[in-house]
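Subject: Structure for your review

Dear colleague,

Please find below the structure that I am handing over to you. I would be grateful if you would keep it open while you read the notes beneath it.

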Amino acid sequence: DFNRASAYAYWHWRPFQPLHLTAGLAYDYLRYPANHRFVPVSPSDSSTDMFSPTAGLVWAPTRNTTFRAAFTRSLGGVSFDQSFRLEPTQVGGFNQAYRSLIPESAGSTLTAPEFETWGLAWDQRFGQGTYLSVQGQLLRSKVAQKE
């Protein structure tokens, strides 16, 4: 059997007009067959769990300037389970819904990978219809093959 239990909570706070803060915490628990990739499937189970913090910031000091930042941590799924997500997919305008940084064709199907993202951006509007966005993101993935 495969089981996943997840719970998450997000708090959005606007202490004053140009600043919007997001804080969140998620908990994931996974239980899955020890060797679900090859037959015969093992009767023993493996499990993993993780608390994942999330933080985001959007600050617009002027009408035409916005600064954004985000940090997220998350636990991927097992096989097909990686295709689903109930949490919000963006924090501070940055994607937090990564489920694989390594293509399956290069690294095989991963079991419960851990993801960490850091993002920083500056968005500027110049006149009508002209925009500049400078953005950087650091994406990390940690996984141990469990057979």
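The notes that follow describe what was found, beginning with the chain and ending with individual residues.

Please bear in mind that this is a predicted model. The mean pLDDT of the chain is 84, and 80% of the residues score at least 70. Confidence is lowest in helix α1, residues 104-107, where the mean is 61. It is highest in strand β4, residues 65-75, with a mean of 94. I would ask you to keep these values in mind as you read.

**The chain**

The secondary structure consists of eight strands and one helix. Along the sequence, the elements appear in the order β-β-β-β-β-β-α-β-β. The chain has 147 residues, of which 30% count as buried. About 9,000 Å² of the chain is exposed, and carbon and sulfur atoms account for 59% of that area. If one takes the contacts between residues at least 6 apart in sequence, 57% of them join residues at least 24 apart.

**The sheet**

Six strands form an open sheet in the order β1-β2-β3-β4-β7-β8, and their pairing is antiparallel. Strands β1 (3-16) and β8 (131-142) stand at the edges; each has a single partner strand, so one side of each has no neighbour in the sheet. From one strand to the next, the twist averages 10°. As background, the strands of a sheet pair through backbone hydrogen bonds, in either a parallel or an antiparallel manner.

The antiparallel strands β7 and β8 are joined by 12 bridges. One example to locate is Phe115, whose bridge partner in β8 is Ser141.

**A glycine in strand β7**

Gly119 belongs to strand β7, which covers residues 114-125. Is this glycine buried or exposed? Gly119 has a relative accessible area of 10%, and because buried means under 20%, Gly119 is classed as buried. Leaving aside residues up to four places away in sequence, Gly119 touches Arg68, Ala69, Ala70, Phe94, Gly136 and Gln137. The C-alpha atoms of Gly119 and Val91 are 9.6 Å apart, and the two residues are separated by 28 residues along the chain.

**Salt bridges**

There are four salt bridges in total, and three of them are described here.

Asp28 forms a salt bridge with Arg4, with 3.1 Å between the closest N and O atoms. Asp28 is in strand β2 (residues 19-33) and Arg4 is in strand β1, so this pair ties together parts that are 24 residues apart in sequence. Asp28 is buried, at 5% relative accessibility, whereas Arg4 is partly exposed, at 29%.

Asp45 and Arg31 also meet through their side chains in a salt bridge, with an N to O distance of 2.6 Å. Because Asp45 lies in strand β3 (residues 45-62) and Arg31 in strand β2, the pair ties together parts 14 residues apart in sequence. Asp45 is partly exposed, at 38% relative accessibility, and Arg31 is also partly exposed, at 26%.

The closest N and O atoms of Arg73 and Glu116 are 3.0 Å apart, and these two residues form a salt bridge as well. Arg73 is in strand β4 and Glu116 in strand β7, so that distant parts of the chain, 43 residues apart, are linked. Arg73 is partly exposed, at 32% relative accessibility, while Glu116 counts as buried, at 15%.

Yours sincerely,
A colleague

Technical notes:
Residues are numbered from 1 along each chain as its sequence is written. Side-chain values use heavy atoms; hydrogens and water are left out. Helices (H or I, at least four residues) and strands (E, at least two) are DSSP runs, numbered from the N terminus. Buried means under 20% relative accessible area, exposed over 50%, partly exposed in between (1.4 Å probe, protein chains only). Contact means heavy atoms within 4.5 Å. Accessible areas come from the Shrake-Rupley method with a 1.4 Å probe; for residues, only the protein chains shown count as cover. pLDDT is the predictor's confidence in each residue, from 0 to 100. Two strands pair if DSSP finds at least two bridges between them. Axes are lines fitted to C-alpha atoms, for helices over the stretch in contact, and angles run from 0 to 180 degrees between N-to-C directions.
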